[in-house]
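Thanks for asking me to look this one over. Here are my notes, written as numbered points so you can follow along with the model open.

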Amino acid sequence: MEAIFQFKDICEDPKTYARRWKEKTGGKVIGTLCSYAPEELILAGGALAFRIVGGSGSISKADAHLQTYSCSLVRGALDDALNGELDFLDGAIFPHTCDSIQRLSDIWRMNAKTGFHLDVVLPVKLNTQSARDYMTAVMRKARTDLEAVLAKSITDEDLQAAIDTYNGIRSAMQRLYTLQNDRPGTIAGSDVHTIVRASMVMDRYDFLNRLAQVVDTLERQPEPESTAAKRIFLSGGVCNLPDVYGIIESAGGAVVGDDLCTGSRGLTGPIDTGDDPMDAIAGRYARRAICPAKHAGITNRGDDLVRLAKASRAQGVILVFLKFCDPHAFDYPYLKSMLDAEGIPSLLVELEEQTALQGQFQTRCEAFMEML
């Protein structure tokens, strides 16, 4: 499909896309480093949210500021900023998430030349009324801060238009995930990942239109013939590595769902309409699929992973973590224990963005498929 090729072109060089968007529209581009960044507010302010997901190559300058045992996402992002690769940014927003990103925020503020700098200090505990009240207060402050740096009033009408757009995106993505689960082979996993990556950098209005075309076309296609591919659920954090899905599929698997940070965790779950728009936006961030850097119960993440794996009828779960990602690493023992208790096989793979993964990952996936 033409739209898929357009998504791939953008993902090949997202920075060039952002530069061209800026030249064409005269709008501002704001870097974000987490799916908890309030993108609805950015869109309502007339700006483009640009997800920074890692470096462009080998890391050099970042090592003067960060230990080498920091995750490759944080080190790679800082290296890009220090090398001028992100000079098109007009600002950056850092949500309060893992320790590494929180400390990156301080280093970024002092060393990166990427425009204004905003911290959005969200609550860590999300399952109390006081936490939700605090979430709303933080979002209201973020709105005020954005209005100041963008020199633009963000009206309730602007917010509602942004809510409608993101609800449209999340609804269409849910339809795509449903197709991926119910009719494996309808769309390649690598194409789903391409769409997800495009969703983080494209003009959101344009992205919604093209995504709707893709999903409408896929839903009209006849169901593909059944295969012997093993149904795999992907879990973990940032997945900006080259064609993880393709490797899994070539090893005999079919990805039928995920709870990745750069995946369904940020791209599903609508915002309630009819409420005050700020309350509605804050409510969605408080109840969305939880990140391991947040807390909503001792076994909340494990319960969700088991539920999602069962709902997708997965034969196995592959957990993809960036090396040195402490929040995911701390969660892993109890996640594995809960999967084991339900008889769901799992495979842990730790990867780095700047390291080639083809050979070892391929071999481990093939062994895992044979075991299932």
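The points below cover the cavity first and then a handful of salt bridges.

1. A quick reminder before we start: this is a predicted model, and every value below is computed from it.

2. Let's begin with the internal space. The structure holds one cavity of 30 Å³ or more, and the space inside the largest cavity comes to about 200 Å³. Its lining is made up of 21 residues, and those closest to the centre are Ser35, Glu39, Met200, Gly266 and Leu267.

3. Which elements give two or more residues to that lining? They are α3 (39-44), α7 (156-182), α8 (189-199), α9 (204-220) and α11 (264-267). Helix α7 gives the most, with three residues. By type, the lining of the largest cavity divides into 10 nonpolar, six polar and five charged residues.

4. Now to the charged pairs. There are 23 salt bridges in the structure. One that I would look at joins the side chains of lysine 8 and aspartate 191, with 3.2 Å from N to O. This pair links distant parts of the chain: lysine 8 sits in helix α1 (residues 2-12) and aspartate 191 in helix α8, 183 residues apart.

5. Is aspartate 191 buried or exposed? Aspartate 191 counts as buried because its relative accessibility is 16%, and the cut-off is under 20%. Its partner lysine 8 is partly exposed, at 32%. Leaving aside residues up to four places away in sequence, aspartate 191 touches Ile4 and Lys8.

6. A second bridge across distant parts of the chain connects aspartate 276 with arginine 140, whose closest N and O atoms are 3.2 Å apart. Aspartate 276 lies in the loop between α11 and α12 (277-287), while arginine 140 belongs to helix α6 (residues 129-150), and 136 residues separate the two. Both ends are partly exposed: aspartate 276 has a relative accessibility of 31%, and arginine 140 has 34%.

7. The bridge between the side chains of aspartate 340 and lysine 336 (3.3 Å, N to O) is a local one within a helix. The two residues are four apart in helix α14 (residues 326-341), so about one helical turn separates them. Aspartate 340 is partly exposed at 42%, and lysine 336 is also partly exposed, at 30%.

8. Finally, have a look at the group formed by Arg103, Asp106, Arg109 and Asp119, which salt bridges link into a network.

Definitions and conventions:
Residues are numbered from 1 along each chain as its sequence is written. This is a predicted model: local features need pLDDT of at least 70, side-chain atom pairs count only at pLDDT 80 or more; totals for chains, interfaces and linings use all residues. Side-chain values use heavy atoms; hydrogens and water are left out. On a 1 Å grid over the protein atoms alone, a cavity is a set of points where a 1.4 Å probe fits but cannot get out, and a pocket is an open set with protein on both sides within 12 Å along at least five of seven lines; lining residues have an atom within 4 Å of a point. Grid points are joined across faces, edges and corners, and a volume is the space filled by probe spheres set on the points. Ala, Val, Leu, Ile, Met, Phe, Trp, Tyr, Cys and Pro count as nonpolar, Asp, Glu, Lys and Arg as charged, and the others, Gly among them, as polar. Buried means under 20% relative accessible area, exposed over 50%, partly exposed in between (1.4 Å probe, protein chains only). Contact means heavy atoms within 4.5 Å. A salt bridge is a side-chain nitrogen of Lys or Arg within 4 Å of a carboxyl oxygen of Asp or Glu.
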